[in-house]
Amino acid sequence: MGKNQKVLFHSTIFGPIHSRRLGVSLGINLSPNDGKVCSFDCLYCEAGYNSQGKGSSGLPLREKVKEQLRSKLIGMKEKGEPLDVITFSGNGEPTLHPDFPGIIEDVLALRNEFYPNAKVSVLTNSTKIFTPAVANALKEVDNNILKLDSAVEETMQIIDRPTSPSFTVDKVVEGLKQFAGSGIIQTMFLRGEHDGKPIDNTTPQEIDALIKAYKEIKPREIMIYSLDRSTPEEKLVKVSKEELEKIGEKIENATGIPVQVA
């Protein structure tokens, strides 16, 4: 769909879907059901560019999220369906929701009530980790998956296009250190070009910069991946699984931190 690509999720609770990596996963979308709200405008975002607008449905209310999740979990439990993970993702950045800490509290309580063995995961672009209430909520979940696509400022700005001019690599690396030993750092590897500028965060210089950052952050795990679906920037190229595995081996050997190739 290229530049006209729109939001992926048209409900607050979606799934469950069966993932080879995660098992049975139930999704939570804290963005609008008909628009996108994000503090990045990534070239590779499967939900499209922010220019498509925020839609008219607004952010889901905390009580609605709680009610809909409870209803879904009751239905799954009655049918004897398994659940391995509840994942916050969706049409944008979940931590931008003003009630994010409270929603995390609700979701953990419902998980404990209905599926105590299921994990709660949050996919975040790391822009709100400087807000103490958000950071504390992220520390409560099982899998706090934090984005760091490049440790080279120019490359990060081209790929992720943060909406705040104050967001920099140095700042985010410093902020990510608070999740040492608990956070999972997720890095998207890709090649291509945008507005005539070449993009490649797989070069030796890029990998070395990431290794330096990973060593400083000290996450419990590093997750690397590449493109899976169509992207708003059409001139992007997927990095092969074989090459990702080689990159992962180099990172793991240099840092001593487990690397998962997704």
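In which helix does aspartate 160 lie? Aspartate 160 belongs to helix α4, which spans residues 153-160; helices are DSSP runs of H or I of at least four residues, strands are runs of E of at least two, and both are numbered from the N terminus. The structure is a predicted model, in which local features require a pLDDT of at least 70 and side-chain atom pairs count only at pLDDT 80 or more, whereas totals for chains, interfaces and linings use all residues. Residues are numbered from 1 along each chain as its sequence is written, and side-chain values use heavy atoms, with hydrogens and water left out.

Aspartate 160 is buried yet forms no salt bridge. Here, buried denotes a relative accessible area under 20%, exposed one over 50%, and partly exposed the range in between, computed with a 1.4 Å probe on protein chains only. A salt bridge requires a side-chain nitrogen of Lys or Arg within 4 Å of a carboxyl oxygen of Asp or Glu. Lys and Arg count as positive and Asp and Glu as negative, while His and the chain ends are not counted. The nearest side chain of opposite charge to aspartate 160 is that of lysine 147, at 5.6 Å. With residues up to four places away in sequence set aside, aspartate 160 touches Phe40, Asp41, Cys42, Tyr44, Lys147 and Asp149, contact being defined as heavy atoms within 4.5 Å.

Eight strands form an open sheet of mixed pairing, in the order β1-β2-β3-β4-β5-β6-β9-β11; two strands pair if DSSP finds at least two bridges between them. The edges are occupied by β1 (13-19) and β11 (259-261), each of which has a single partner strand, so one side of each is left without a neighbour in the sheet. Neighbouring strands are turned by 25° against each other on average, direction ignored, with axes taken as lines fitted to C-alpha atoms, for helices over the stretch in contact, and angles running from 0 to 180 degrees between N-to-C directions. Strand β9 (residues 221-225) pairs with β11 in the parallel sense over three bridges, and methionine 223 stands opposite glutamine 260 in β11.

At the edge strand β1, several local features may be described together. Proline 16 is found in β1, and the peptide bond leading to proline 16 from glycine 15 is cis, with omega near 5°. Phenylalanine 14 also lies in strand β1 and is buried, with a relative accessible area of 15%. The C-alpha atoms of phenylalanine 14 and isoleucine 28 are 6.4 Å apart in space, the two residues being 14 apart in sequence. Beyond four places in sequence, phenylalanine 14 touches Phe9, Leu26, Gly27, Ile28, Asn29 and Ser89. In the segment before β1 lies threonine 12, which is buried at 6% relative accessible area. The contacts of threonine 12, under the same exclusion of residues up to four places away, comprise Gly27, Ile28, Asn29, Asn33, Pro60, Val65 and Gln68.

A second open sheet contains three strands in the order β8-β7-β10, with antiparallel pairing. Its edge strands, β8 and β10, each pair on one side only, and the twist averages 10° from one strand to the next. Four bridges join β7 to β8 (residues 197-200); across this pair, arginine 191 stands opposite aspartate 200 and glutamate 193 opposite proline 198. Strand β7 (residues 190-194) is also paired with β10 (residues 236-238), over three bridges, with glycine 192 opposite leucine 236.

Two residues separate the strands in the hairpin of β7 and β8. Aspartate 195, in the loop between these strands, has a positive phi of about 50° although it is not a glycine. Aspartate 195 is exposed, with a relative accessible area of 67%. Lysine 218, in the loop between α6 (204-217) and β9, likewise has a positive phi, near 60°, and is exposed at 52% relative accessibility. Most residues other than glycine have a negative phi, and most peptide bonds are trans.

The largest nonpolar core has 72 residues. Such a core is a set of buried Ala, Val, Leu, Ile, Met, Phe, Trp, Tyr and Cys residues joined through side-chain atoms within 4.5 Å. The residues with the most contacts inside this core are Ile28, Tyr44, Leu83, Phe88, Leu148, Phe189 and Ile251. Outside its neighbours within four places in sequence, phenylalanine 189 is in contact with residues including Ile207, Leu210, Ile224, Val239, Leu244, Ile247 and Ile251.
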